[in-house]
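Here is a short tour of a protein chain for readers who like to think at the bench. Please keep the model open while you read.

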Amino acid sequence: MSKNLEQSMNFTVGRSRALRFIVSAIHALALVACWLNALPIPYKCLLTMAVLLSWRSNMASGEMGVAYLRYTPKHGWSLLGNGDHYQSIEIQASTVVTGILIALHWVHDKGRRQSMIIPKDAMSNNDYRKLSVCLIVSGHGHG
């Protein structure tokens with residue numbers, strides 16, 4: 001086993017300005033599309049409200065918030081769940097590590113599959129590099 005994986009590591013994934021910008025840009029394009037279609041005005045208004053509610057929900061939800069990821073040699077990978085206890089997770093081989101983002105795929109011990117996009121600006125450069133190396137060395141990340 002690699003020396004890097006013989007020590008415990010904690011990673012804090014914060015809010016990403018780049019991801020918030022991309023989500024907002026996609027919603028802005030959807031708003032433009034709402035008004036450039038040939039639907040009657042009442043339907044355009046309903047679509048506009050749906051897009052605005054979706055944008056508000058995405059900006060306010062915890063999905064774009066802070067996440068805490070941990071690796072320990074004894075217990076492997078875990079993610080801070082609801083409350084203050086870590087849930088054991090199994091990182092999937094479909095996880096992708098690049099220089100600008102990590103597409104992290106995992107399965108909870110209950111069998112539920114989940115994923116998270118971790119842009120580079122959501123962590124310090126040092127933590128992003130450590131997480132990338134840790135995932136690649138452990139065989140869970142490919143680019």
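## A serine in a helix

Let us start with S132, which is found in helix α3. This is a predicted model, so please read each value as computed from it. Is S132 buried or exposed? S132 is buried, because its relative accessible area is 8% and the cut-off for buried is under 20%. Its side chain has a polar partner: one of its polar atoms lies 2.9 Å from the backbone oxygen of Y128. Leaving aside residues up to four places away in sequence, S132 touches V97 and I102.

V97, one of those two partners, has its place in strand β5, residues 96–97. V97 has a relative accessibility of 7% and therefore counts as buried. V97 also comes within view of L135: their C-alpha atoms are separated by 7.8 Å, although the two residues are 38 residues apart along the chain.

## The nonpolar core

Now to the largest nonpolar core, which has 22 residues. Which of them touch the most other members? They are L69, W77, I102, L104, I118, L131 and L135. Two or more residues each come from β1 (9–13), β2 (67–72), β3 (76–80), β4 (86–91), β6 (101–108), β7 (113–119) and α3 (125–137). The largest share, four residues, is given by α3, the helix that also holds S132. As a general background, nonpolar side chains tend to be buried together in soluble globular proteins.

I118 is a good residue to click on. Not counting residues up to four places away in sequence, I118 touches V13, I100, L101, I102, L104, M123, Y128 and L131. Y128 in that list is the residue whose backbone oxygen lies 2.9 Å from a side-chain polar atom of S132, and I102 is one of the residues that S132 touches.

## Strands β2, β3 and β4

How do β2 and β3 pair? They run in the antiparallel sense, with four bridges between them. These two strands form a hairpin, and three residues lie between them. Within this pair, L69 stands opposite L79 in β3. On to the next neighbour: β3 and β4 also run antiparallel, joined by three bridges. Here L79 stands opposite Q87 in β4. As for burial, β3 is mostly covered, with four of its five residues buried.

## Two annotated spans

The unreviewed UniProt entry carries the annotation "transmembrane region" for residues 21–43 and 89–107. The table sets out what the predicted model has in each span.

| Span | Distance between end C-alpha atoms | Helix | Strand |
|---|---|---|---|
| Residues 21–43 | 27 Å | 83% | 0% |
| Residues 89–107 | 6 Å | 0% | 63% |

In the model, then, residues 21–43 are 83% helix, whereas residues 89–107 are 63% strand and 0% helix. The annotation itself comes from the record.

## The cysteines

How many disulfides are there? The count is zero. C34 is in no disulfide, and the nearest cysteine sulfur, that of C45, is 9.8 Å away; the cut-off for a disulfide is within 2.5 Å. C34 is buried, because its relative accessible area is 6%. C134 has a relative accessibility of 1%, so C134 counts as buried too.

Key:
Residues are numbered from 1 along each chain as its sequence is written. This is a predicted model: local features need pLDDT of at least 70, side-chain atom pairs count only at pLDDT 80 or more; totals for chains, interfaces and linings use all residues. Side-chain values use heavy atoms; hydrogens and water are left out. A nonpolar core is a set of buried Ala, Val, Leu, Ile, Met, Phe, Trp, Tyr and Cys residues joined through side-chain atoms within 4.5 Å. Buried means under 20% relative accessible area, exposed over 50%, partly exposed in between (1.4 Å probe, protein chains only). Contact means heavy atoms within 4.5 Å. Two strands pair if DSSP finds at least two bridges between them. UniProt positions are given in the numbering used here, feature names are shortened, and annotations may be inferred rather than shown by experiment. A polar contact is a pair of N or O atoms within 3.5 Å; within protein, one must be able to donate a hydrogen and the other to accept it, and residues adjacent in sequence count only if both atoms are side-chain atoms.
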